[in-house]
Protein chains: 4
Amino acid sequence: MTHSVAIIGASGYTGAELIRLIATHPGLRIGALCADRKAGQTIASVFPHLRHLDLPTLVKVDEVDWSGIDLAFAALPHGTSQEVVAALPDHVKVIDLSAGFRLRDPAVYEKWYGDAHRALHLQDEAVYGLSEFYRDEIKNARLVAGTGCNAATGMFGMLPLLSAGVIDPDEIILDMVCGVSGAGRAAKEAMLHSEVSEGTHPYGLPVHRHTSEFDQEFSKAAGQKVEVVFTPHLMPANRGILCTGHVRGDADAIHAALVERYADEPFCVVLPMGEAPATRHVRGSNFVHLGVVADRKPGRVRVFSALDNLNKGSSGQALQNANLMLGLPETEGLMMAPMFP
Amino acid sequence: MTHSVAIIGASGYTGAELIRLIATHPGLRIGALCADRKAGQTIASVFPHLRHLDLPTLVKVDEVDWSGIDLAFAALPHGTSQEVVAALPDHVKVIDLSAGFRLRDPAVYEKWYGDAHRALHLQDEAVYGLSEFYRDEIKNARLVAGTGCNAATGMFGMLPLLSAGVIDPDEIILDMVCGVSGAGRAAKEAMLHSEVSEGTHPYGLPVHRHTSEFDQEFSKAAGQKVEVVFTPHLMPANRGILCTGHVRGDADAIHAALVERYADEPFCVVLPMGEAPATRHVRGSNFVHLGVVADRKPGRVRVFSALDNLNKGSSGQALQNANLMLGLPETEGLMMAPMFP
Amino acid sequence: MTHSVAIIGASGYTGAELIRLIATHPGLRIGALCADRKAGQTIASVFPHLRHLDLPTLVKVDEVDWSGIDLAFAALPHGTSQEVVAALPDHVKVIDLSAGFRLRDPAVYEKWYGDAHRALHLQDEAVYGLSEFYRDEIKNARLVAGTGCNAATGMFGMLPLLSAGVIDPDEIILDMVCGVSGAGRAAKEAMLHSEVSEGTHPYGLPVHRHTSEFDQEFSKAAGQKVEVVFTPHLMPANRGILCTGHVRGDADAIHAALVERYADEPFCVVLPMGEAPATRHVRGSNFVHLGVVADRKPGRVRVFSALDNLNKGSSGQALQNANLMLGLPETEGLMMAPMFP
Amino acid sequence: MTHSVAIIGASGYTGAELIRLIATHPGLRIGALCADRKAGQTIASVFPHLRHLDLPTLVKVDEVDWSGIDLAFAALPHGTSQEVVAALPDHVKVIDLSAGFRLRDPAVYEKWYGDAHRALHLQDEAVYGLSEFYRDEIKNARLVAGTGCNAATGMFGMLPLLSAGVIDPDEIILDMVCGVSGAGRAAKEAMLHSEVSEGTHPYGLPVHRHTSEFDQEFSKAAGQKVEVVFTPHLMPANRGILCTGHVRGDADAIHAALVERYADEPFCVVLPMGEAPATRHVRGSNFVHLGVVADRKPGRVRVFSALDNLNKGSSGQALQNANLMLGLPETEGLMMAPMFP
């Protein structure tokens, strides 16, 4: 038996990545594809790389017959998403990839995103979608909030260390180097090839919005208020996020904590002590590579994590969560190897 | 029942692509991985993107126990490959990805490659590996010669037109724009990032070696001697070849010939009349996209074809042939959608 | 004595390239910078790479005091440009970088660009701005029409051959591989880094507008109607155009014709017979590199030309023309070497 | 009067950049170009982008007639360089771009570089080549040691802050994102386009050699032992280094210290408070852009610095030093604007 899913916001990059992954997933089929401005177009015209697939034409979200749909992925901007999700029928499970339901405290949401929450009644039931850390809650959830892609990258490295108490929670600095596709498909001057290629710069200054997710999850894991310094940088590559986490602690204890935490996780690979990951080695996949490298200064340690922002950072994570929510094997459709070169 | 395969030359890019594809192929398992200089290393150290897989350590080719191996992929330089293939046990089917067995006439091989054929006794049984055009011969072959990646790109566009007699065989010009990975993983100054990025130039001048494959296959299809003008250009992207074929004929007849020829082919997609393909829309996949665009000058037509040189141009093609040779469904393990962006 | 120049459309890439070049030109100073939507901003905010320069703030074109301005560069879209140029005072010499004045016959302009010419009274005096071929006319012109960047690339290779009668004018095929910056700085989905990088595709199909310039100039040079087949391809690099011109003739005669034609030209470099240029070797400069490579098929020859679309293809050409129009040494401010890597 | 200079190691990227810059320098001419493996070749064959220049053929260093040479740039690997520099005649001033003479204490050199110093008698007179901080010593030096490119990037941000005492010297973390050309032109698998493009990773782990320069210069500036945590990352771009320096102090005091220190420096641009630089805005130039951005956590500040590794990070710096050593205006030949896009 296959489950039928809908993708709302199918004309964006996370939408395309969902279709790509679901295309070879044995337990899912795509029942509806929604896009607002591009409603009426075929996937072949919006994403020619998917033209070999037999897929429904893009429609507006209010044109969908939800009766046969089991689960919806909402891949929309955060403001829009809250209202759209709120309007979905109760029988449809929802994975929202926007920032709309990530922050448990609506006041925190309003502070960081600058607008009022438009689906307050749903916030309480929303489960934070970091699969490896909320697996049981996700299995039973009706609404899962996908994480920020930068947030996920930092959390894979830091959460086990905060939980294990092997680093100083007051001394965490996260520098990231991030691919371009995280900015989405909207036409912006700053994201033109001529603007982005051949260079790098920090962005999201002075404080990037994903910091709010770190505050929430790190404080919970540490059992105390944790505030990190987080600075993302744009690199001229489409996919991939590398987090360089500067922490204080014992390198061996840190490495051991990661090894132990991820021993049974199919997608989280801890490299041997002293080795560091590269984003190109997880590209196009749902894997996370983690590395620990001590500095010559005693007690100073670099914890590196790398993932694909469109896959493990958003759409792969969403599919992993869908598997959990629908009672399918968690790794179904997600074991394809990274693509290199 | 799964078949056991070996990959000889597993530390190069076509070797890595074979492993990537076979990783999720339900009917194959990797029994041996060979590399000469890197023998003794693990795949995790040679290709960290494959480190999640449970794979044998790299060995020298003469260390392999061939008794359990059904089929070998040889992904070696052309001179080396002939001797290695000749030394394999008879029960092992072979797909050779080098130029070693592509040219039926050994004199032609010597003329274009400049060295004597080192496995003459095998040449007669070698089948040219363009799956869609030699399907029946491949099914029964013990030795299949994978095509050149540029050669494959040009042939998908031209062979049906020559067979159908809808273009002038004396007036074919093929310009290609090719990704960097086709040059392989050998350390060469000319392939450094600093040399290749941010520009383009023609290469393989005055006549690229793959021209010999065009001579052979185009002449056979047309039933007369055909010689094309072929000029490849290097682009700063890792994967992809775009062929712009300039031909003379009627655009509608040309488009119709392609549509008819590929109607039942799962990997060959003919775009609507007037549309052109992009390499990024077949990246990482075994698909070929073809397009026909008439020029304003009557009788002048552009025929475009695009594929991924590492996939459909070599390792995907090889796997498709392996499926045929082993009696497996032809598309097994090859239906993953292209990766974009 | 220095001449004062204005740049209209200073917030685009050709505007920025003009500023970059003029910054170290000893005979010019920038008297006014105009931009419509970005009026009121400083160059530091629009183009941070120029922030070290002491430059006027961007203003709207009607805010300029033209009394002290000797020459204006108009770097605007073609429709807009005609009206703006028509409104400039008579004492201001003008170099228009748009397509607005390139085509001598307004009916041809309307056919290719789809709108009526808005400055018909100026068309007759406009000189086509290919410096090496209209040098004397440019010296005496008030209005010079900069060429299309693709058009310039093709003409450097073909014009001397058509004039010398060493190629068949009915058998010219021009394939080009072009950098992204030629599309300008406007925010378009198709020009995002995620869309453009890691691949190539043909564009401007079925017939690119610059073809009209080839028709005009090639027919004039050949003394007969000439129509070429022209197909540009986008590559993932910011700067550079490579033209592969397929012609029929004698390779030695073709090479000799180029060598002779460009013997005294400071910016046109003809490579030794059999060598081909690369765009990265002219990047950031006003140089054109040309190469001739015979094919194995008798009488078939490839003529390659490479230039930087923003420099020799537009802003460098414009500055070279400004030197001519203002009585300055033609190479002033233009001899900086290409930047590689 | 022009000075004659020699470039030893002219076939590498820093050699090419020196030639590019000197090509339009009014006070210098190139008297000799040396390369070992490529001796006998012309610059046109080694660096086609410089083929328009009238330059001597490459020779071996012992073939040079030094009698007419005023100054030599040595752009060689560090071990080689010491011996070559030691063999130069006394009348030739020398700027060594290798690590051979950067570290004042030969024991420190041996510790970090693993081999014995081969020109110990010259070490005492060698001046560290960070122009803005050793200007007077450089003017009178016979031997100047060019800085590491990463080292220079970090020092422009940190040295003024350590001297002014506005940051805690025990709490400095430097993360860098670095272009590929810094790895040089040697053919290495790890620097192939296919390996480097489309991703990022940290390198030089656990401790990069340039850290030794930080130890030396930071400790001197602070008047106490300073050890930083330094982690460089490779990005898929040819030129540019961005340093994100994490420091503790008052953001306004930090910004003021930079503004004051660089007020009269022609190449050092401090951005307005809260703005951050991008490497692409200094590409191809001798400029450094610096920015200060406070974090939300009180007392935590990011200090960003960006430069072009081949220019201000090595060859531009070297030319600036040559100007000082030869009594020429310090900015001569170095005011060309950055190239964007």
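Q: What turn and what shift lay chain C on chain A?
A: In this predicted model, a turn of 180° with a shift of 0.0 Å along the axis lays chain C on chain A. The RMSD of that fit is 0.0 Å.

Q: Why is that called the relation of a two-fold axis?
A: In general, two copies of a chain are related by a rotation about an axis and a shift along it. Here the rotation is 180° and the shift along the axis is 0.0 Å, and that is the relation of a two-fold axis. The two copies also use the same surface, since 100% of the contact residues of chain C recur in chain A.

Q: How do you know that chain C and chain A are in contact, and how many residues take part?
A: The test is heavy atoms within 4.5 Å. By that test, 20 residues of chain C touch 20 residues of chain A.

Q: What makes up the area that chain C and chain A bury between them?
A: The size of an interface is often given as the accessible area lost when the parts come together. For chain C and chain A, that comes to about 1700 Å², with 45% of it on carbon and sulfur atoms. On the side of chain C, the residues that lose the most area to chain A are C:Glu189, C:Leu192 and C:His193, which together give 36% of what that side buries.

Q: Why is the pair C:Lys38 and A:Glu189 called a salt bridge?
A: The rule wants a side-chain nitrogen of Lys or Arg within 4 Å of a carboxyl oxygen of Asp or Glu. In this pair the closest N and O atoms are 2.8 Å apart, so the pair passes the 4 Å cut-off. Between chain C and chain A, six salt bridges are counted.

Q: Which helix of chain C gives the most to the side that touches chain A?
A: That's helix α8, residues 193-196, with four residues. Sorted by class, this side of chain C has nine nonpolar, six polar and five charged residues.

Q: What turn lays chain A on chain D?
A: It's a turn of 180°, with a shift of 0.0 Å along the axis and an RMSD of 0.0 Å. Once more the same surface serves both copies, as 100% of the contact residues of chain A recur in chain D.

Q: How many residues of chain A are in contact with chain D, and how much area is buried there?
A: There are 51 residues of chain A in contact with 51 residues of chain D. The area buried between these chains is about 4300 Å², and carbon and sulfur atoms give 52% of it. A:Glu198, A:Arg280 and A:Arg296 supply 18% of what chain A buries against chain D, more than any other three residues.

Q: What makes D:Glu227 and A:Arg296 a salt bridge?
A: Their side chains meet at 3.6 Å, N to O, so this pair falls within the 4 Å limit too. The interface of chain A and chain D holds ten salt bridges by this rule, along with 35 residue pairs in polar contact. The side of chain A that touches chain D has 23 nonpolar, twelve polar and 16 charged residues.

Methods:
Residues numbered from 1 in each chain as written. Chains lettered and ligands numbered in written order. Predicted model: local features only at pLDDT ≥ 70, side-chain atom pairs only at ≥ 80, totals over all residues. Heavy atoms only, no water. Buried area = accessible area lost by both parts, 1.4 Å probe. Helix = DSSP H or I, 4+ residues; strand = E, 2+ residues; numbered from the N terminus. Nonpolar A, V, L, I, M, F, W, Y, C, P; charged D, E, K, R; others polar. Least-squares fit on C-alpha atoms with pLDDT ≥ 70 in both. Polar contact = N/O pair within 3.5 Å; in protein donor to acceptor, adjacent residues only side chain to side chain.
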